[in-house]
Amino acid sequence: MKGEPQMGDLLTSNPVIELEGDEFWPLSGKPFFDVVLTKTNINHLYQLVVPGKFSATLPSCSMPTVLTFRGKNWEMIYHGSSSYKRLDNWKVFAIDNNLKVGDACVFEQLECSSTRLVFRVQILRGDIPSEFLDKLDGDNVDAPIVLE
């Protein structure tokens, strides 16, 4: 019938819904990890290490990786062969999206093939009050922010 989707249309349609602004969407049930950003993630080092629990599911080699957010793609390299698995070229993504200490990113794995990784990213703004920012070490997880 005219106007109704055909089987071929369903197979070729893109199931990803693009959202505007800082809207959030439910995770699709695919693997994901989250990171609350520290100074190490967004200052001169710009290092993004994949959490150990999640990194065990990723390849132990280097490969091209794409982060998607708000309909835009950032290309980087995933390094899985070192003692800690990490994303290189993370700096461009962090700067382009104005990431700050205290923001959180959720990385939902959309693809993990022998040739590339793709993650859809959600950014959750932390907005830590400025009076606490100077007290943040950000060098390790053993120095939490304590609000009294």
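The exercises below, each with a worked solution, concern a predicted model.

**Exercise 1. Confidence along the chain**

Determine what the mean pLDDT of the protein chain is, and where the pLDDT is below 50.

Solution. Begin with the chain as a whole: its mean pLDDT is 78, and 69% of the residues reach 70 or more. Then turn to residues 1-22, over which the pLDDT is below 50, and for which the model shows nine contacts beyond near neighbours in sequence.

**Exercise 2. The faces of strand E1**

Work out which side chains of strand E1 (residues 32-36) are buried, and which strand E1 is joined to.

Solution. The general expectation comes first: in a regular strand, side chains alternate between the two faces of the sheet. In E1 the side chains do alternate, with Phe33 and Val35 pointing to one face, where they are buried, and with Phe32, Asp34 and Val36 pointing to the other, where they are not buried. The next step is the pairing: E1 and strand E6 (residues 104-112) run antiparallel and are joined by five bridges. Within this pairing, the residue of E6 that stands opposite Val36 is Ala104.

**Exercise 3. Salt bridges and their surroundings**

Establish how many salt bridges the model has, and then decide for Glu108 and Arg120 whether each is buried or exposed.

Solution. The count comes to five salt bridges, and three of the pairs can be taken in turn.

1. Glu108 forms a salt bridge with Arg120, in which the closest N and O atoms are 2.7 Å apart. Because Glu108 lies in strand E6 and Arg120 in strand E7 (residues 117-124), this pair ties together parts that are 12 residues apart in sequence. The cut-off for buried is under 20% relative accessible area, so Glu108, at 1%, counts as buried, and Arg120, at 13%, also counts as buried.
2. Arg116 pairs with Glu111 in a salt bridge whose closest N and O atoms are 3.1 Å apart. Here Arg116 is partly exposed, with a relative accessible area of 35%, and Glu111 is partly exposed at 26%.
3. Asp88 pairs with Arg86, with 3.2 Å between the closest N and O atoms. Asp88 is partly exposed at 25% relative accessibility, as is Arg86 at 22%.

**Exercise 4. Positive phi in two loops**

Find where Arg70 and Asn98 lie, given that each has a positive phi although neither is glycine.

Solution. For Arg70, phi is near 55°, and the residue lies in the loop between strand E3 (62-69) and strand E4 (72-79). Its relative accessibility is 43%, so Arg70 counts as partly exposed. For Asn98, phi is near 50°, and the residue is found in the loop between helix H4 (90-96) and E6. Asn98 is likewise partly exposed, with a relative accessible area of 47%.

**Exercise 5. The largest nonpolar core**

Identify which residues have the most contacts inside the largest nonpolar core, and which element gives the most to this core.

Solution. The largest nonpolar core has 27 residues, and those with the most contacts inside it are Leu67, Trp90, Phe93, Leu99 and Phe107. The elements that give two or more residues to this core are E1, E3, E4, H4, E6 and E7, and of these E7 gives the most, with four residues. As a last step, consider the neighbours of Trp90: leaving aside residues up to four places away in sequence, Trp90 touches, among others, Leu67, Leu99 and Phe107. The list for Trp90 also includes Asn41, Gln47, Met76 and Cys105.

Technical notes:
Residues numbered from 1 in each chain as written. Predicted model: local features only at pLDDT ≥ 70, side-chain atom pairs only at ≥ 80, totals over all residues. Heavy atoms only, no water. Buried < 20%, exposed > 50% of the residue type's maximum accessible area, 1.4 Å probe, protein only. Pairing = 2+ DSSP bridges. Salt bridge = Lys/Arg side-chain N within 4 Å of Asp/Glu carboxyl O. pLDDT = per-residue confidence, 0-100. Contact = heavy atoms within 4.5 Å. Core = buried A, V, L, I, M, F, W, Y, C linked by side-chain atoms within 4.5 Å.
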